[in-house]
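The exercises below are meant to be worked with the sequence and the model side by side. Please try each task before reading the solution beneath it.

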Amino acid sequence: MSAAGTTVEVRDLCVALDRRPVLAGVGLSASGGEWLAVVGPNGAGKSTLLRAMMGLLESEGEVLVGGVPARTLKPRRRARLMAYAPQTPLMPASLTVFEYTLLGRTPYISHLGRESRHDREVTGAVLERLDLAELAGRTLGRLSGGERQRVVLARALVQQAPVLLLDEPTTALDLGHQQQVLELVDRLRLADGLTVVTTIHDLGLAGQYADSMLLIADGRTVASGPVREVLTEPLLARHFGARVRVTEDPTGRPLVNLIRPTPPV
Amino acid sequence: MALAVALAVLLVCVLAGLMTGAAGIPAKGVVLELADLLPFVSVDSGLSPVEQGLLYQLRMPRVVLAAIVGGLLALAGAGYQGVFRNPLADPYLLGAAAGAGFTATLVIVLVQADGLVPLAAFAGAVGGVMLAYGLGNTAGRGGGTATLVLAGVAVASFLSALQAFVQQIRVEQLQRIYAWILGGIGGDWSQVWLIAPYALVSIGVMLAHGRLLDVLSVGDDEATSLGVSAARVRLVILCAASLATASAVAVSGLIGFVGIVVPHIARRLAGGSYRVVLPLSLIGGAAFLVLADMVARTVLAPAELPIGVVTAFIGAPFFVGVLRATRAVEP
């Protein structure tokens, strides 16, 4: 198992797509075992931030994993430290759940090599843990939305990386499945000491699960810190253009409610 | 399991291919003659020297060549489909056919030396793909596959236009050009030796990359996040697949549909992992073309049908069937 409690730090990250700046000097810091949610209005650069952290985009600035600059790591080495699940993963319809999940072991397999018995065992154990063992032989084309999201998570987990980057893990899921997936992530995080960075557009969900939060708008950091300091009525009004009421639930976590600007007649 | 069945099917096809032909060589004699080739077995086949000559110098190289060409085309097709994540990609997608067609026509029309046609076709196929790849990579950012396909379309239509122009200069050569384009397995051992080295290299490289093609199939971003350079894998597969296509085209002209139809059957029978699809396509393609060639030379015997006509005749309806059946599930 990889070292739990690995920190992630991003300093002054800048990304330009088609010469247009998309991220301008964004920074974040998540300590080991922490859940950091990246929130912001559509087009703020949330997904770009995760992709740049993973080295999928050209960027300036620094990404440190466990204190080591990610840029200096060999691709396979970096893949053992950080796992990434995109917002809309490609899932070839005719691959089985087991075959797909096993691909997550790639960073441990030599370039033209084959996976070892250990790789298969790790994959089997992860599927077991996510209640997917019974689906192992099923093809991806025949999964429901919730099952697909769990399978993507399984693929990221067999990477055994201490840092998990999840881009909108709850998109396209209904309420119950959103909760199920986030509970699952939280359980795994607490059990394995994973550091989790998610983009998430549902502020209510983000407030319930994240430890800390980064709010970006127009490619810049506008607020960061503990969830209660970021999910405030003035900040959400200014950057989302939304009228909301933020209250606290019994555990002290913020609840975000939309308010209609003009009350219904 | 699927591989064992495919090998058995290939064996049957090869035997059938060796037994049938214009000259009636007794089937039993063929079997005994083959058994005689096995180590530690010595039997008298009862074939006359003339029949033996026919078997070894005409039928056998032809069957072997059909098997190699079919295997290469199907393997290349599977590779292209993996690289482009598109089940409809075929080995000629990036201008290999048009390139080979142009240079082969050039040689037939201008040089009129049949011996040079394979080399010209080989060079043309490789050149066409290189042109498309070069264009696709300079036109688009970061080697996206869509740009590459569009570059292939542009290169193919340009080279086809050139070919049409050249062939109109010498209309009297039209029949020979046409015969080449429709494809045919010539079949003497020299052609087998001509492409064997390229065939071996491309087959070796492709089969070694099955797992990495699976990684590629989940997307460039995820491949990269798993520590695999998608661009590099794509380039290696494209090179190997194009080498396979060029070798096949060099000795057989343009044979369509094998590259699409066979990988499809493989995928339906054995699932989507390229670690199975690639070897199964290789074996299945070999069996399919041996069979198609047998049909091509027996249906109108002693005249021959162009093999491209046979594969398309079987391939086109099958293709429609596949499209109808997979409308809902393909990636």
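**Exercise 1.** In which loop of chain A does Gln160(A) lie?

*Solution.* Before starting, note that this is a predicted model, in which local features need pLDDT of at least 70, side-chain atom pairs count only at pLDDT 80 or more, and totals for chains, interfaces and linings use all residues. Residues are numbered from 1 along each chain as its sequence is written, while chains are lettered from A and ligands numbered from 1 in the order in which they are written.

Step one is to locate the residue: Gln160(A) sits in the loop between α5 (145-157) and β7 (163-167) of chain A, where helices (H or I, at least four residues) and strands (E, at least two) are DSSP runs, numbered from the N terminus. Step two is the backbone: although Gln160(A) is not a glycine, its phi is positive, at about 50 degrees. Step three is the surroundings: Gln160(A) has 19 other C-beta atoms within 10 Å and is therefore partly exposed, since a residue is buried if 20 or more other C-beta atoms lie within 10 Å of its own, exposed if 12 or fewer, and partly exposed in between, with C-beta atoms placed from the backbone.

**Exercise 2.** Examine Phe257(B), and decide whether it is buried or exposed.

*Solution.* Phe257(B) belongs to the loop between α11 and α12 (258-270) of chain B. Its phi is near 75 degrees, a positive value in a residue other than glycine. With 22 other C-beta atoms within 10 Å, Phe257(B) is buried.

**Exercise 3.** Describe how α4(B) and α6(B) pack, beginning with the angle and the distance between their axes.

*Solution.* First, helix α4 (residues 96-111) and helix α6 (residues 145-169) of chain B pack at an angle of about 15 degrees, with their axes 8 Å apart; axes are lines fitted to C-alpha atoms, for helices over the stretch in contact, and angles run from 0 to 180 degrees between N-to-C directions. Second, α4(B) and α6(B) are therefore roughly parallel to each other, because angles under 35 degrees count as roughly parallel, over 145 as roughly antiparallel, 65 to 115 as roughly perpendicular and the rest as oblique. Third, the contact includes Phe102(B) and Leu106(B) of α4(B) and Leu159(B) and Val166(B) of α6(B), two residues being in contact if their C-beta atoms, placed from the backbone, lie within 7 Å. Finally, the residues of this contact divide into 10 nonpolar, six polar and no charged; Ala, Val, Leu, Ile, Met, Phe, Trp, Tyr, Cys and Pro count as nonpolar, Asp, Glu, Lys and Arg as charged, and the others, Gly among them, as polar.

**Exercise 4.** Characterise the side of chain A that touches chain B, and state which helix gives its largest share.

*Solution.* Begin with the count, in which 24 residues of chain A are in contact with 22 residues of chain B. The largest share of the chain A side, four residues, comes from helix α2 (residues 75-81) of chain A. By character, that side divides into 14 nonpolar, five polar and five charged residues.

**Exercise 5.** How many residues of helix α9 (residues 210-217) of chain B are buried, and what do they pack against?

*Solution.* Eight of the eight residues of α9(B) are buried, so that the helix is mostly covered. Among them are Arg211(B), Asp214(B) and Leu216(B). The buried residues of α9(B) pack against α3 (97-102) of chain A, together with helices of chain B including α8 (189-208) and α11 (230-252). Just after α9(B), Gly219(B) takes a positive phi of about 115 degrees.
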